[in-house]
Number of protein chains: 2
Amino acid sequence: MLRVAGSELAVGLERLLGRPVAGATDGASGGGGPDGGVWLGTAAVAEAGLAGTAADWASPGPEGFVIVPTAGEREGAPGGVAIIGGDERGCLYGAFALLRRIATGEGLPATPHREAPVAPLRMLDHWDNPDGSVERGYAGRSICFSGGEVTHDLARVRAYGRLLASVGINALAPNNVNVGRAGAELVTARGLGGIARLAAALRPFGVRLALSVNFAGPILLGGLPTADPREPMVGDWWRTAAERVYAAVPDLLGFVVKASSEGQPGPHSYGASQAEGANVIAGALAPFGGVVLWRAFVYDCEQDWRDTVTDRAKAAYEEFVPLDGAFAPNVALQIKNGPMDFQVREPPSPLLGAAPRTRKLLEVQITQEYTGQQIHVCFLPPMWKEVLDFDTHARGPGSTVAELVVAGGGESGPAGIPGGGEPGPAGMVGVANVGDEPGWTGHPLAQANLYGFGRLAWQPSLSAEAIAREWAALTFGSDETVRDVLTGILLASRAVYESYTSPLGLGWMVTPHTHDGPDPEGYEYSRWGTYLRADRDAIGVDRSVARGTGFTAQYHEPWRSIYEDRERCPPELLLFFHRVAYAESLPTGVTLAQHVYDSHHAGVEAVRGFIARWQELRDRVDPVRHAAVARRLRAQLKSAEEWRDVINAYFHRRSGIPDAHGRPLH
Amino acid sequence: MLRVAGSELAVGLERLLGRPVAGATDGASGGGGPDGGVWLGTAAVAEAGLAGTAADWASPGPEGFVIVPTAGEREGAPGGVAIIGGDERGCLYGAFALLRRIATGEGLPATPHREAPVAPLRMLDHWDNPDGSVERGYAGRSICFSGGEVTHDLARVRAYGRLLASVGINALAPNNVNVGRAGAELVTARGLGGIARLAAALRPFGVRLALSVNFAGPILLGGLPTADPREPMVGDWWRTAAERVYAAVPDLLGFVVKASSEGQPGPHSYGASQAEGANVIAGALAPFGGVVLWRAFVYDCEQDWRDTVTDRAKAAYEEFVPLDGAFAPNVALQIKNGPMDFQVREPPSPLLGAAPRTRKLLEVQITQEYTGQQIHVCFLPPMWKEVLDFDTHARGPGSTVAELVVAGGGESGPAGIPGGGEPGPAGMVGVANVGDEPGWTGHPLAQANLYGFGRLAWQPSLSAEAIAREWAALTFGSDETVRDVLTGILLASRAVYESYTSPLGLGWMVTPHTHDGPDPEGYEYSRWGTYLRADRDAIGVDRSVARGTGFTAQYHEPWRSIYEDRERCPPELLLFFHRVAYAESLPTGVTLAQHVYDSHHAGVEAVRGFIARWQELRDRVDPVRHAAVARRLRAQLKSAEEWRDVINAYFHRRSGIPDAHGRPLH
């Protein structure tokens, strides 16, 4: 890692400065030293070999770093800088931080600048299948797998490791959480050869692998009659599997598991609990310091649409809160940001503020499954900020998700990526949006989401604007106009996307399966538990305690009361929590129907604005990328018009309420 | 064919009589002769070798036969029978006819019984893909193809030939009309080896092959820059292809073509007409006596749902009527029974009564894509009878589809399966419902549809009841109770299916793509041109001239006026032709909404009745088939309840009209 940090620094400086940089040598002295150059090393070495007060480079802790200006240390010598890492990963991140400062024009710090990541675990989940397809992938085929095995040529994976290190991501699960047979076989001797190669390619960039495993592995691979976690032979099978896996990849982070959910096998098949399921695997991994990342995305996907009592939003909380305290210390629940499934607008999942004796990870979706499929520009850090900044009040005011969950500051003990017997991991997991498309993410602007995920996991207090401006400068250069326009488009984009899709937290008006484009009642009579229940008067599920499913009771005060009360409920979540008549007046003074019409028309106009603003950059952005973005913006406009017309027609046909401005409602 | 006829007769008689039958010899004399046995031969041979008046066996014409009782011809000799075929195919059909008479208990005729098929062409279209999958197949994999080529072991195909001959089917297109690359390659040298084997397997059963071809063959296979039918090189390519195909299969019927439809390539891509497209292929086939079966299923499947003027129901007529007279004589338009696409209730296609100088074939769908997917019992001959008996009034009263189209009695010249230069073919095409499932059709009772298709193409005047009773006896034996119950279920089944799915000719309330189960607005905002346009007051597309799309003008009088007038419009088609308010009173005295509720509840109750009646046969039907049918009836009931609840909820939510009988509307 230190060597990679040094060479990245040299290459980066050369490109940024436009001139060769004298070769660095290993260790604490020599060319590129603190006077008139860059010194890079861990704190332990720095103390031995560098001048200066010890306080300047007192160990910044695991993965952290301090950038110390060394100009003036010795009279007459030119200014220099030292990057002192808490460990080798810290050096890597410090090197990229310095490059970022230079590239964004921020420059060298005047006083020692110290950073350390807030989230110990900053992880990507790929939903890549061994055949090379990517579930919910919008940027081509998998970079990790092809033809049933790990890609032969790992050059792209190494480039990806570099990309991940540059934004501080330190873990990766390469295979889909929906684990089919081919995915399950990755833990066999045959599969592990490729996994070991993949781990070796990413290790120098500070990225540890995890594997998604199939809970029925004991049956599928072991030929056992059961995968019941309470059967001793099942535990034996997992222990043997762990031995085999860790022999191949000694620094494996652990296993990701989606169990008893959406057709994946799990402990429920045997009447066992999710905790019993997680713990049998955790026990097998503990001797190797491995962890279990256990997905909390568990709900009844065979729901009867006639059933108006069961509420999918309540499922994860109901499943896991009774198990609080029952999970092994090296298990963390991986919890989606909202209680449903990555809609463009949901309240924070109440489980993030519950189960205090359970280690929890925040999971967000970088790939734009429900947020425009990498055709629409939709910059997601503002959405993620909402959940990171959400004050759950779990321990009174100030209990933010960033602190309780991501930094691991909750009651479940200190955070870390443990060895056996130590407390469980904390952090943030993002479902990746990359593929083998040359620009990684299909839409060039979708790169900003990957960048933003890494930056927020590192430091949740960064503003979305700061992230957007950083990314724009790093990606499109120093032109202030370009940076301003891009930042403006990015920051507006999620609200714009929301405004022309489904309104006020309603969600789910998408085409089933693909989730691409509008189909207002596509999920209305199906088994997935997501209903609008629109009739000729009103729309939405009432989730209040007083009149509805009682979902609001899963929140601490004051949220419980705020969400319960339709007058105090945040307007953008009105239809998530309440059933509202089309003719009802909203606080803005217009009816619900009129709000829908206005919002959808305004959204389309905003996309036209994006196009106009992007057009102005024609001579400021290289033609290839300018055309690529312009093409997608045109496709976005067409799709936005379709959304507007379908959703408006839907509300008009149901309500009979004409548009106050006489626009067509079809 | 004569040899097959003889051996089928011998085998059939042995099984029916339960004792060995003395071996037949070839020709007109010897064992099995007219006295005390069965004589089988063509009319030409019969005249030379059999006693009796010539009138008894005057040639019954192509494919026809006469069954002549010979008892008493010579005193003291036991009764016998002669089967005299107009040609070898006639002998085959006569042999099976005799077996059918015996098996159904009808017995030998007292006087000479003469039959000839009404439809010269009685054909099945398989939608089988070379990879072995079957589009809209509900009975397993293809019996014709596997792994990209014609099945290696053709034993099942030979059994199928026997099955087809027994119901008089004389032609088969084995590959899907949606022709992908693998299907297109069947006309290459490599593909034709398998096709020749397939043809050889079916030839002894009187079944001729046709091939579905890809209009872009000149590009895909020939490497030409165009498939424009007006380019000489394109005609050359088709001629070369025809030479190659006919060298491999000299008696090939011809080519089936779906062009410029649903993504299939066609002449429209070059600004050429459907006639120009058909004729270039027809010209290539003419020297070999081949015909082009050109599908009339052409419509705009990229329609804008906002467009309320374009009406998919009008498409085929608008496309083809202006081309009347422009088609080569060996082209026939293959026209679906209704103007849309095989819904459970549609009016007859107006194109069947139009374009008098164009040879037309009637296409029906035996596979139950929209009629229960071979889980629901849905006996289709009653539906097909409606269209066969429909009096188009094209040449005044009495112009039935059976006579004008199927028998080819229209103005477009005499019917037949022509050699080059002769008039075009006439007849009936059915999309097959078979697969490699042991019982051919998945649902045992779905066999009755294949049987009924063959019988109706042979003789459209047969009643649906007669067909049902025949099939029940042939399939389940002589038990009168079994026959009565089965006939009752079959005859009621289509009306029952209709009653609990979408009402009054509305159609299209199905799940997109799979077409399985209800999704009332699944197609509402999509590109397929099939809309309900339900709002809070009314539902349906007005297709009248006075107020709507003007579709009714495509019919001759009196239908034009009948369909135009909502008072005279057949009630079962009310929502096909008219937009009706939920609160409007129907002639039955209940509102539209109440009619929907009542119909859907009654339909489910009728399915319960089927189950009860089938249960009574438990000791009269072999356990395996009894259980197979019972299992599907239970699945049908579950699905019917889902249809009832979804459609009723849909109408209730839109209309707000409560059920007069207080049943739940969800």
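Into which domains is chain A divided? In this predicted model, chain A has domain 1 (2–115), domain 2 (121–462) and domain 3 (478–541 + 579–666).

**How domains 2 and 3 meet**

Let us start with two of these domains. The C-alpha centres of domain 2 of chain A and domain 3 of chain A are 30 Å apart. Their contact draws 31 residues from domain 2 of chain A and 31 residues from domain 3 of chain A. On the side of domain 2 of chain A that touches domain 3 of chain A, there are 16 nonpolar, 8 polar and 7 charged residues.

**How the two chains meet**

Chain A and chain B have a contact as well, with 15 residues from chain A and 15 residues from chain B. The table sets out the residue classes for both contacts.

| Side of the contact | Nonpolar | Polar | Charged |
|---|---|---|---|
| Domain 2 of chain A, touching domain 3 of chain A | 16 residues | 8 residues | 7 residues |
| Chain A, touching chain B | 4 residues | 3 residues | 8 residues |

How do the copies fit onto each other? A turn of 180° with a shift of 0.0 Å along the axis lays chain A on chain B with an RMSD of 0.0 Å. The two copies are therefore related as by a two-fold rotation axis. They meet through the same surface, because 100% of the interface residues of chain A are also interface residues in chain B.

**A sheet and its helix**

Now look at an open sheet in chain A, where 4 strands are arranged in the order 1-3-2-4 with mixed pairing. Which strands are at its edges? They are strand 1 (38–42) and strand 4 (113–115) of chain A, each of which pairs on one side only. On average, neighbouring strands of this sheet are turned by 10° against each other, direction ignored.

Strand 2 (residues 65–69) and strand 3 (residues 81–85) of chain A run antiparallel and are joined by 5 bridges. Here A:Phe65 stands opposite A:Gly85 of strand 3 of chain A. Helix 3 (residues 88–103) of chain A lies across strand 1, strand 2, strand 3 and strand 4 of chain A, and runs at about 145° to strand 3 of chain A.

**A closer look at one residue**

Finally, find B:Gln303, in the loop between strand 12 (291–295) and helix 10 (315–320) of chain B. B:Gln303 counts as partly exposed because it has 18 C-beta neighbours inside 10 Å, and a residue would need 20 or more to be buried. Leaving aside residues up to four places away in sequence, B:Gln303 touches B:Thr310, B:Arg312, B:Arg527 and B:Gly529. From C-alpha to C-alpha, B:Gln303 and B:Arg244 are 39 Å apart in space, and they are 59 residues apart in sequence.

Notes
Residues are numbered from 1 along each chain as its sequence is written. Chains are lettered from A and ligands numbered from 1 in the order in which they are written. This is a predicted model: local features need pLDDT of at least 70, side-chain atom pairs count only at pLDDT 80 or more; totals for chains, interfaces and linings use all residues. Domain bounds come from an automatic or database domain assignment. Two residues are in contact if their C-beta atoms, placed from the backbone, lie within 7 Å. Ala, Val, Leu, Ile, Met, Phe, Trp, Tyr, Cys and Pro count as nonpolar, Asp, Glu, Lys and Arg as charged, and the others, Gly among them, as polar. Copies are superposed by least squares on the C-alpha atoms of residues with pLDDT of at least 70 in both. Two strands pair if DSSP finds at least two bridges between them. Helices (H or I, at least four residues) and strands (E, at least two) are DSSP runs, numbered from the N terminus. Axes are lines fitted to C-alpha atoms, for helices over the stretch in contact, and angles run from 0 to 180 degrees between N-to-C directions. A residue is buried if 20 or more other C-beta atoms lie within 10 Å of its own, exposed if 12 or fewer, and partly exposed in between; C-beta atoms are placed from the backbone.
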